[in-house]
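Q: Could you take a close look at one part of this model for me, the place where the two chains meet? I'd like the cut-offs spelled out as you go.

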Amino acid sequence: MHHFTPLSGLIGGALIGLAAAALMLSAGRLAGVSGILGGLLTTGSDRAWRLAFIVGLIAAALIGPLLGTPTAAHLSSSNLVLYAAAGLLVGFGSRMGNGCTSGHGVCGFARFSTRSIVATLVFMGAAIVMVAIVRHGIGG
Amino acid sequence: MPLILASFGCGLIFGLGLLISGMTEPEKVLGFLDFFGAWDATLAFVMAGAAAVAGVGFALARRQSAPLFASKFSWPSRSDIDAPLIVGSALFGIGWGLSGICPGPALVNVAGLTAPIVVFVAAMIVGMFGYGLWQRRSTVRDIAIGTGVVTSSDG
């Protein structure tokens, strides 16, 4: 059971926004995680900064807890097929739609991009429907 | 080298923000997506805080002629709303709703090396490769029939 934690949400969110601002000001790049990872997998050039950003993300789970952040999530291994299916959908869909929660969600709203706001409403709507079906059997 | 260090630092801060906000916990994310259960609005505060700070940074960037460690700003160039945007976002949303995991938290959590996250990240990479292959095929076909479009990423 998780509770509403607006303060840690705002502080963590501000750090995410700071990272997105800093990546644009320093590297001229948008902090969209699916775009950064997808570009690392598919483009020939331009790999170093992408890899560095992803190594930074992973390092956060190792360094963060030393500074007092929560640890990485520990999930039960009971449903690996579900995680495989979800991972496939997230990977394929985020590339097809050109972005995910960070690129379309955070950065898209920050740029007032209609295209990204539409994408965000679509993926949030789809996710809300999925959770309603899985948890409450609504429409299923 | 400054570019690489800056990029690493941005990834690190981004990841710390995800951990502090609770967004690396799939249950917390699912709590936001669960409109018909005990709804947890935290994710909205995370996105609002992040978008507000990023928006200030982007406004500053727009007043610069070039970023500090690169030759130019790579702003997303597209504003059209096309079928791949809608279909891709819907597929992504289905996967996100099934698991409570999106790409950023997946990569932070992969450091824990637990089986579900490793499986998720491996499948996500396969899905990204799969889309690349599928897109290359359809691009070759589209160019052959004269409707090829060059796409760029929004992130």
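A: The meeting of the two chains takes in 112 residues of chain A and 110 residues of chain B, where a contact means that two C-beta atoms, placed from the backbone, lie within 7 Å. This is a predicted model, so local features need pLDDT of at least 70 and side-chain atom pairs count only at pLDDT 80 or more, while totals for chains, interfaces and linings use all residues. Residues are numbered from 1 along each chain as its sequence is written, and chains are lettered from A, with ligands numbered from 1, in the order in which they are written.

On the chain A side, helices H1 (6-27), H2 (33-42), H3 (47-67), H4 (80-96), H5 (101-110) and H6 (114-136) each supply at least two of the residues that touch chain B. Helices here are DSSP runs (H or I, at least four residues), strands are runs of E of at least two, and both are numbered from the N terminus. H1(A) gives the largest share of that side, 21 residues. By class, the side of chain A that touches chain B has 68 nonpolar, 39 polar and five charged residues; nonpolar covers Ala, Val, Leu, Ile, Met, Phe, Trp, Tyr, Cys and Pro, charged covers Asp, Glu, Lys and Arg, and the others, Gly among them, are polar.

Now for H1(A) and its partner. The axes of H1(A) and H1(B) come within 7 Å and cross at roughly 165°, with axes being lines fitted to C-alpha atoms, for helices over the stretch in contact, and angles running from 0 to 180 degrees between N-to-C directions. H1(A) and H1(B) are therefore roughly antiparallel to each other, a label for angles over 145 degrees (under 35 is roughly parallel, 65 to 115 roughly perpendicular, and the rest oblique). Their crossing is left-handed, that is, the near helix is turned anticlockwise from the far one by less than a right angle, clockwise being right-handed. The contact of H1(A) with H1(B) has 16 nonpolar, eight polar and no charged residues.

H5(A) is worth a stop too. Nine of the 10 residues of H5(A) are buried, so this helix is largely enclosed by the rest of the structure. Buried means 20 or more other C-beta atoms within 10 Å of a residue's own, exposed means 12 or fewer, and partly exposed is in between, with C-beta atoms placed from the backbone. Among the buried ones are Thr101(A), His104(A), Val106(A) and Cys107(A). The buried residues of H5(A) pack against H1, H2 and H6 of chain A, along with helix H3 (42-62) and helix H5 (103-109) of chain B. After H5(A) comes Phe112(A), with a positive phi near 55°.

As for the chain behind that interface, chain A has six helices and zero strands. Its C-alpha atoms fill a box of roughly 45 × 35 × 30 Å along the principal axes, and of the 140 residues of chain A, 58% count as buried. Among contacts in chain A between residues at least 6 apart in sequence, 38% join residues at least 24 apart.

For contrast with H5(A), try Thr43(A), in the loop between H2 and H3 of chain A. Thr43(A) has 12 C-beta neighbours inside 10 Å and so counts as exposed. The C-alpha atoms of Thr43(A) and Ile11(A) are separated by 34 Å, with the two residues 32 apart along the chain.
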